[in-house]
Amino acid sequence: MYQVALPAPALAPYIESYWCVYATEHAPLDLSVEVFVDVRPDLIFTFGAAYERSQLDGESLTIDYSNLDAQRLHPIRIAQRGQVVCCGVRFHVGGLAPFVDRPVHLWNDRVVGLSEVFGTGANGLCEALRSSKENVQLQKEIFDAFLLQRLRVKDGYQVFQTLRAEIEASKGEQSIDAVCRRNAISQRQLNRLFRAYLGFSPKTYSRVVRFQRALKLLKQDPGCTLAEVAAQCGYYDQPHFVREFKA
């Protein structure tokens, strides 16, 4: 039902995995997945049943086309029933930027058709995947060929990745001022790099890093107190943690 393949080594710094999920002829699926905020985009190719994409505020979309589900600051729930035939690309944080010609912030919190992202080249990619018959190895080869052809590491991208990794290594607790001073870069320059290659500001990314750490701690030890999580994850106090986590 669900299979995963790793990208070519040259793509591994940007892409976590390719995935495929499908129903067998006599076993339709009933899927429901909750996706928390991690500011990572996904490419989703759907060739069977449509799926419902809903937000906690009640907004819901019925999606029956292949798309970029871009980096976002709200959790979503995906529900899909019936003859499911889907595959996709799961990017690392900031991993989409080397494959597109536009700043990624243009797609923040959006679901967009692939032609807006890749132009007419998306048509051939979709048709090749549609013909792959749920063969994850063949899909891997199709994805690798398409993405390797588009791979362009732009000026400033490695600087962005170095600074992003520094924020992540500090678990989101290092101030943005300190990051700028240590790397001899202005906040304006830093913000511009993050908007172009990640979509959101470095301050927002620090919030997401802390949130993801808190989420991991809660999963590992559901019995821990909120005060303990707040202290371990760099929040000022428990009310600060609760506000951030709720947001």
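These questions and answers cover helix packing, nonpolar cores and one partly exposed residue in a predicted model.

Me: How are H2 and H3 oriented to each other, roughly parallel or roughly antiparallel?
Reply: H2 spans residues 121–130 and H3 spans residues 136–150. Their axes come within 10 Å and cross at roughly 165°. Angles over 145 degrees count as roughly antiparallel. H2 and H3 are therefore roughly antiparallel.

Me: What is the handedness of the crossing of H2 and H3?
Reply: Two packed helices are described by the angle between their axes and the distance between the axes. Here the angle is roughly 165° and the axes come within 10 Å. The crossing of H2 and H3 is right-handed.

Me: How many charged residues are in the contact of H2 with H3?
Reply: From H2, the residues are Gly121, Leu125, Ala128 and Leu129. They meet Gln139, Ile142, Phe143 and Phe146 in H3. By class, six are nonpolar and two are polar, and the number of charged residues is zero: there are no charged residues.

Me: Which helix gives the largest share of the largest nonpolar core?
Reply: This core has 65 residues. Ile15, Phe45, Phe99, Trp107 and Phe118 touch the most other members. The largest share is seven residues, and it comes from helix H7 (residues 202–220).

Me: Which residues does Phe118 touch, leaving out those up to four places away in sequence?
Reply: Phe118 is one of the residues that touch the most other members of the 65-residue core. Phe146, which also takes part in the contact of H2 with H3, is among its partners. The full list is Leu43, Phe99, Val100, Phe146 and Arg150.

Me: How many residues are in the second, separate core?
Reply: Its members include Leu29, Tyr51, Ile63 and Val84. The core is separate, and its residue count is 13.

Me: How do H4 and H5 lie, oblique or roughly perpendicular?
Reply: H4 (residues 157–169) and H5 (residues 176–183) pack at about 135°, with axes 11 Å apart. Roughly perpendicular needs 65 to 115 degrees, and roughly antiparallel needs over 145. H4 and H5 are therefore oblique.

Me: How many charged residues are in the contact of H4 with H5?
Reply: H4 passes H5 in a right-handed crossing. Leu163, Glu166 and Ile167 in H4 meet Ile176, Val179, Arg182 and Asn183 in H5. Four are nonpolar and one is polar; the charged count is two.

Me: Is Ala227 buried or partly exposed?
Reply: Ala227 is in helix H8 (residues 226–232). Its relative accessible area is 39%. Buried means under 20% and exposed over 50%. Ala227 is therefore partly exposed.

Methods: Residues numbered from 1 in each chain as written. Predicted model: local features only at pLDDT ≥ 70, side-chain atom pairs only at ≥ 80, totals over all residues. Heavy atoms only, no water. Axes fitted to C-alpha atoms, helices over the stretch in contact; angles between N-to-C directions. Helix = DSSP H or I, 4+ residues; strand = E, 2+ residues; numbered from the N terminus. Parallel < 35°, antiparallel > 145°, perpendicular 65-115°, else oblique. Left-handed = near helix turned anticlockwise from the far one by under 90°. Contact = heavy atoms within 4.5 Å. Nonpolar A, V, L, I, M, F, W, Y, C, P; charged D, E, K, R; others polar. Core = buried A, V, L, I, M, F, W, Y, C linked by side-chain atoms within 4.5 Å. Buried < 20%, exposed > 50% of the residue type's maximum accessible area, 1.4 Å probe, protein only.
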